[in-house]
Amino acid sequence: MRQFGVMTKFELPKILGLIVALGLSASASAQMMINGAGATFPYPMYSKWFDEYAKVDPSVRFNYQSIGSGGGQKQILAQTVDFGASDGPMSDDNLSKAPGKLLHIPTVAGADVVAYNLPGNPALKLDADTIAGIFLGQIKKWNDPKISASNSGAKLPDQEIVVVHRSDGSGTTYIWTDYLSKISPEWKTKVGTNTSVNWPTGIGGKGNEGVAGQVKQTPGAIGYVELIYAVQNKMSYAEVKNASGKFVKPSLESITAALATAQIPDDFRFSITNAPGADAYPICGATWLLVYEQQKDPAKGKKLVEFLRWAAKDGEKMATDLQYAPLPDSLQQRVLKRIDEIKM
Amino acid sequence: MAVAASIAVEERSVQVRMASPSRFGDKAFEWLTLAMALAVVVLVILIGWQLWIGSSVAIKKFGFHFLVTSTWDPVAEQFGALPFIYGTLVSSLIALLIAVPLSIATAAYLTELAPLWIRQPLVSLIEMLAAIPSVILGLWGIFVMIPWLRDYPFPFLKRLFGWTPFFSGPIYGPSMLAGGIIIAIMILPIITSVSREILRSVPNLQREAAYALGATRWEATRIAVFSYAKKGLFGAVILGLGRALGETMAVTMVIGNTPQIAASLLKPGYTLASVIANEFTEATTDMYLQALFEIGLVLFGITILVNLLAQLLLRTITTTSATRAVQ
């Protein structure tokens with residue numbers, strides 16, 4: 001016992017010193033932490049925003065975990081994060097579980113491209129019926145008259161079509177099935193729209209890299225991947241006939257065109273697939289941040305609103321560098337107005 | 001192996017108790033280790049309990065149908081686990097069929113035959129194989145193994161055995177067989193290194209006795225070494241099987257992820273672990289999440305069941321060989 005007492009006396013100043021030092025370092029880095037979680041698709045964009053915003057307002061730091069849209073929705077509903085992020089709008093069912101009014105703030109958009117692997121990789125043009133037919137397993141060969149009808153110049157082999165789809169739940173699949181449900185009644189009743197579905201045909205690859213890998217290596221394969229991914233991997237992808245009957249190549253401009261012409265409801269829970277514009281690429285979708293209209297912590301809420309405002313104005317300008325499509329001006333103004341409605 | 005270990009532990013604790021009946025340190029040590037051992041048991045029970053709680057609504061809704069139906073439709077919220085159960089069992093079985101002979105032969109070569117200058121490099125190479133992260137093996141699977149399988153071994157297998165249902169149908173590449181092969185590569189190191197330790201622990205007296213009776217090297221290995229080590233080798237295989245059932249990332253990347261039950265091993269399949277890894281992050285509805293939890297519960301149950309069966313099998317093997325020895 002005595003020995004123990006002696007040691008305490010001896011150690012006490014050291015321990016006190018340590019506590020003081022810890023306290024000092026804690027107060028030196030007393031930054032506000034704003035936590036978010038959700039979608040993986042916009043993660044590169046968001047992390048760039050957080051980096052840049054640290055220069056604008058050094059007193060606030062963001063911690064974003066890209067755990068997937070499902071996780072993002074769950075965590076904002078449970079109020080374990082200050083904002084959520086999702087690649088698809090929340091369902092009525094999920095929204096009704098929220099303890100307060102949840103706002104959808106659209107940030108950027110992307111596109112799904114139809115990538116394929118054919119001998120010589122001819123440029124292909126596909127219309128809605130053909131794409132639905134292929135993914136329903138009804139069009140089985142590349143030289144099917146439905147494909148050759150809009151590709152008179154291309155040499156199409158007598159080869160089996162191997163459909164490749166995502167096996168993991170993803171916003172990419174949500175956009176893809178949302179498009180197919182809009183253009184094909186049969187798809188809508190048989191399969192439907194979701195982050196993962198009961199596929200009528202094909203093999204599943206994990207992630208964009210899994211689908212891209214399988215399309216690149218399987219002769220006769222067709223699959224959908226994000227635009228950025230197809231560009232980076234130098235894959236061939238098809239022009240798709242849009243709602244106004246024009247074949248459009250997927251690009252950032254044709255995505256923004258879709259955003260500009262799509263019907264966008266007031267709660268911002270919109271889908272921009274099959275948009276009516278002449279230059280709109282039909283298979284694209286936006287991604288959202290999810291925040292409560294009534295912020296619990298006034299200080300944090302104020303900082304969050306400041307950031308959202310900055311993101312909608314200055315952040316949007318960084319989007320194209322990272323291969324995301326920015327929101328068109330008209331929508332941007334509406335988003336800014338919505339951000340102003342957040343109460344502290 | 002487990003039985004032998006528990007006997008050894010019992011013996012040792014008896015010795016300790018005899019040597020020091022009333023020392024506080026020993027008591028404390030006993031309690032401490034007991035607490036640690038119990039913690040493991042409690043952990044397993046808690047995991048099972050949590051899975052049960054997480055899937056209770058789905059269990060109530062789908063009941064026994066969950067285990068015997070094949071539709072997996074997140075949109076209509078119809079969930080059946082049969083194709084995943086089938087895929088898990090079949091891919092693990094393929095993996096064992098490939099890995100067990102390879103591993104045990106390798107272990108036998110290393111302990112019985114290999115000269116020293118081969119032994120050491122080979123052992124470290126095998127251990128290195130165990131250190132390759134699963135996702136790297138998966139990438140290698142997509143970009144190297146599958147194209148090769150599709151171009152050479154699969155057409156060959158189809159030409160030879162295409163008349164059986166097991167190798168019929170079109171060749172895509174990603175398939176049940178590819179999944180089994182990837183798992184085999186992943187469980188090879190653990191079965192090999194455990195088997196090697198087991199074979200090394202066979203007393204030299206055994207071998208010498210066999211040689212003294214005029215046995216050849218093969219006969220000595222078979223009679224003196226393998227039959228002596230049978231139980232331990234079986235344990236090594238069970239360890240490998242445990243890993244095979246739960247292997248996730250690499251399998252997901254090569255198995256094709258299609259929930260179907262097809263006799264042909266060249267067709268894509270799906271496993272329990274893969275569907276959880278694939279769909280958990282984006283499951284937004286409650287029932288969907290519940291169904292995925294139930295998949296976890298099923299995998300948990302299968303793992304325990306397979307281990308129990310293995311223990312039983314082990315006991316029958318050892319008792320029958322013991323009676324034969326007596327006769």
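Two strands count as paired here if DSSP finds at least two bridges between them. I kept that rule at hand while going through this structure, which is a predicted model.

**Entry: a sheet of chain A.** I looked first at an open sheet of chain A, in which 3 strands lie in the order 5-10-11 with mixed pairing. Its edges are strand 5 (125-126) and strand 11 (247-248) of chain A, each of which pairs on one side only. I then followed one of the pairings and found that strand 5 and strand 10 (residues 239-241) of chain A run parallel, joined over 2 bridges, with A:Leu126 having A:Val240 in strand 10 as its bridge partner.

**Entry: strand 3 of chain A.** Which way do the residues of strand 3 of chain A point? From this strand (residues 83-86), A:Phe83 and A:Ala85 point one way and A:Gly84 and A:Ser86 the other way, and all are buried. In a regular strand the side chains alternate between the two faces of the sheet. For its neighbours, I noted that strand 1 (residues 32-38) of chain A runs parallel to strand 3 and is joined to it by 3 bridges, while strand 12 (residues 284-292) of chain A pairs with strand 3 in the antiparallel sense, over 3 bridges. A:Gly84 appears in both pairings, since I find it opposite A:Ala37 and also opposite A:Leu290 in strand 12.

**Entry: helix 12 of chain A.** I checked the span of this helix (residues 298-313): its 16 residues reach 23 Å from the first C-alpha to the last, close to the 22 Å expected at 1.5 Å a residue. Which of its residues are buried? I list A:Leu304, A:Phe307, A:Leu308, A:Ala311 and A:Ala312; they are on the same side of the helix because they cover an arc of only 130° around the axis. On the other side, A:Pro298, A:Ala299 and A:Lys313 are exposed. The cover over the buried residues includes strand 1, helix 2 (43-56), strand 3, strand 4 (102-116), strand 12 and helix 13 (329-340) of chain A.

**Entry: nonpolar cores.** The largest nonpolar core has 92 residues, and those with the most contacts inside it are A:Val114, A:Ala258 and A:Leu259. Strand 4 of chain A gives the most to this core, with 9 residues. I followed A:Val114 outward and, leaving aside neighbours within four places in sequence, found it in contact with A:Leu126, A:Ile131, A:Ile222, A:Tyr224, A:Tyr237, A:Ala238 and A:Val240. Apart from this core lies another, of 72 residues, which includes B:Ala108, B:Val194, B:Val251 and B:Phe293.

**Entry: where the chains meet.** I counted 30 residues of chain A and 25 residues of chain B in the contact. On the chain B side, strand 1 (72-73), helix 7 (134-151), helix 12 (249-254) and helix 13 (272-279) each supply at least two residues, and helix 7 gives the most, with 4 residues. By class, this side has 13 nonpolar, 9 polar and 3 charged residues.

**Entry: B:Pro268.** Is B:Pro268 buried or exposed? I find it buried, because 25 other C-beta atoms lie within 10 Å, and the cut-off for buried is 20 or more. B:Pro268 sits in the loop between helix 12 and helix 13 of chain B. Not counting residues up to four places away in sequence, its contacts include A:Ile203 of the other chain, along with B:Tyr172, B:Ser175 and B:Ile255. B:Pro174 also touches B:Pro268; the two are 94 residues apart in sequence and 5.9 Å apart in space, C-alpha to C-alpha.

Methods
Residues are numbered from 1 along each chain as its sequence is written. Chains are lettered from A and ligands numbered from 1 in the order in which they are written. This is a predicted model: local features need pLDDT of at least 70, side-chain atom pairs count only at pLDDT 80 or more; totals for chains, interfaces and linings use all residues. Two residues are in contact if their C-beta atoms, placed from the backbone, lie within 7 Å. Ala, Val, Leu, Ile, Met, Phe, Trp, Tyr, Cys and Pro count as nonpolar, Asp, Glu, Lys and Arg as charged, and the others, Gly among them, as polar. A residue is buried if 20 or more other C-beta atoms lie within 10 Å of its own, exposed if 12 or fewer, and partly exposed in between; C-beta atoms are placed from the backbone. The expected span of a helix is 1.5 Å times one less than its number of residues. The arc is that of the directions from the helix axis to the C-beta atoms. A nonpolar core is a set of buried Ala, Val, Leu, Ile, Met, Phe, Trp, Tyr and Cys residues joined through C-beta atoms within 7 Å.
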